[in-house]
Amino acid sequence: MPDRCEVLPGDSVVARRGGGLLWVDAPGSPALVAALHACLGVAGPGADRVLAAVAGQVSRLADGPASFALVLSDTTGGSASGVALWSGKGQPAVDGVPVSGQAADGCTLAAGFSLGQTLYVGPGQSAAAMPPGVALDLVEGTVPGSGALLQHAAVASSAAVAPPATSLPSGESFTAGSDAGFGNSGRIAAQAPATGGEQTAFWRPEPPAAPVLRFDDGMVVTVDEDLVLGRRPDGHDLVTGGNARPVPIADTQNVLSSAHAAIQRAGREVSLTDLGSLNGTHVAGPEATEWTQLEPGVPHPLADGDRLLLGWTVITFEQTPE
């Protein structure tokens with residue numbers, strides 16, 4: 001399974017790109033936020049020197065109090081290690097244990113530490129509690145958030161126990177061919193035990209991948225359950241009642257409502273509903289040249305390639321065919 005990055009709703013900024021994870025609370029310091037965000041693309045040898053150079057510029061770039069925690073991961077060579085820089089209230093933690101480092105121009109710098117199973121960035125605390133139903137799974141991009149917890153798939157998968165292999169007669173193997181009606185992956189999911197006589201290998205196809213919302217800033221959100229999108233969607237009834245997951249959207253222009261729109265699933269069918277937003281919710285097909293405003297409270301079925309407009313945020317709905 002892929003890495004999962006859970007983000008708690010909040011007024012600070014959380015960003016993820018490549019092997020980098022950032023939490024920053026620096027209101028009024030866009031230059032500092034931009035410098036830290038640019039570091040997310042840094043990887044490989046020398047990353048610690050880059051962060052040391054950034055540490056020397058923090059006091060100049062920050063306009064007022066600033067807190068942040070930035071971690072860059074390096075998975076080359078088969079082992080995951082990290083380089084981190086933090087300041088103010090920021091504190092990275094691995095498996096619930098705060099990372100230790102050395103002072104660097106008013107910040108703290110650490111290099112070569114193991115990333116463990118979980119990596120946290122946010123305000124200093126020994127562990128990050130992620131209440132179910134309120135965390136956003138961030139694949140890539142920048143969103144509002146009060147902290148982030150990254151669960152590494154490589155570590156989790158290494159603890160999985162592989163099922164015992166079933167022996168086959170020498171020189172024989174059995175796989176379902178592409179004419180079985182399920183495609184051509186040829187992967188075996190189960191196998192009859194060897195009890196003499198003919199043996200048969202059985203497999204079944206994986207279910208279709210869940211649809212996704214691809215934001216114009218690169219963030220990708222999986223539609224694996226109902227969602228509420230907006231500036232502060234965690235207070236909506238669908239979220240507080242446990243019937244939907246909130247997806248907070250950065251809104252520097254104040255054009256989004258707190259709970260702007262809902263994405264709801266019914267099997268393979270996915271619909272978009274405006275939740276009575278102030279500036280409306282608009283949709284357009286892949287080839288359309290004009291936006292259509294939705295009537296509040298009326299679900300609109302979505303198809304692969306449809307574009308959604310919430311405030312100034314453009315989102316593309318993507319769904320693989322069955």
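What is the volume of the largest pocket? In this predicted model, the largest pocket has a volume of about 590 Å³. The protein has 322 residues, of which 40% count as buried, and its secondary structure consists of five helices and 26 strands. A search of the whole structure also finds six salt bridges, three of which are described below after the overall picture and the pocket.

**Overall picture**

- The accessible surface of the protein comes to about 16,500 Å², and carbon and sulfur atoms account for 53% of that surface.
- Among contacts between residues at least 6 apart in sequence, 58% join residues at least 24 apart.

**The largest pocket**

- The lining of the largest pocket is made up of 26 residues.
- Pro144, Ile249, Ala250, Asp251 and Thr252 are the lining residues that lie nearest the centre of the pocket.
- Strand 12 (residues 141–144) supplies three residues, the largest share of the lining.
- By character, the lining residues divide into 13 nonpolar, six polar and seven charged.

**Salt bridge between Asp11 and Arg232**

- Side chains of opposite charge can pair when their charged atoms come close.
- The side chains of Asp11 and Arg232 meet in a salt bridge, with an N to O distance of 2.2 Å.
- This pair links distant parts of the chain, 221 residues apart: Asp11 is in the loop between strand 1 (4–7) and strand 2 (13–17), and Arg232 is in the loop between strand 18 (227–230) and helix 5 (237–240).
- Asp11 is exposed, at 65% relative accessible area, whereas Arg232 counts as partly exposed at 41%.

**Salt bridge between Arg214 and Glu318**

- Arg214 and Glu318 form a salt bridge in which the closest N and O atoms are 2.9 Å apart.
- Because Arg214 lies in strand 16 (residues 212–215) and Glu318 in strand 26 (residues 313–318), the pair ties together parts that are 104 residues apart in sequence.
- Arg214 counts as partly exposed at 36% relative accessibility, and Glu318 counts as partly exposed at 28%.

**Salt bridge between Arg245 and Asp224**

- In the salt bridge of Arg245 with Asp224, the closest N and O atoms are 2.8 Å apart.
- Arg245 belongs to strand 19 (residues 245–248) and Asp224 to the loop between strand 17 (220–222) and strand 18, so the pair ties together parts that are 21 residues apart in sequence.
- Arg245 counts as buried, at 3% relative accessibility, while Asp224 is partly exposed, with a relative accessible area of 42%.
- Asp224, Glu225 and Arg245 are joined into one network by salt bridges that share partners.

Notes. Residues are numbered from 1 along each chain as its sequence is written. This is a predicted model: local features need pLDDT of at least 70, side-chain atom pairs count only at pLDDT 80 or more; totals for chains, interfaces and linings use all residues. Side-chain values use heavy atoms; hydrogens and water are left out. Helices (H or I, at least four residues) and strands (E, at least two) are DSSP runs, numbered from the N terminus. Buried means under 20% relative accessible area, exposed over 50%, partly exposed in between (1.4 Å probe, protein chains only). Contact means heavy atoms within 4.5 Å. Accessible areas come from the Shrake-Rupley method with a 1.4 Å probe; for residues, only the protein chains shown count as cover. On a 1 Å grid over the protein atoms alone, a cavity is a set of points where a 1.4 Å probe fits but cannot get out, and a pocket is an open set with protein on both sides within 12 Å along at least five of seven lines; lining residues have an atom within 4 Å of a point. Grid points are joined across faces, edges and corners, and a volume is the space filled by probe spheres set on the points. Ala, Val, Leu, Ile, Met, Phe, Trp, Tyr, Cys and Pro count as nonpolar, Asp, Glu, Lys and Arg as charged, and the others, Gly among them, as polar. A salt bridge is a side-chain nitrogen of Lys or Arg within 4 Å of a carboxyl oxygen of Asp or Glu.
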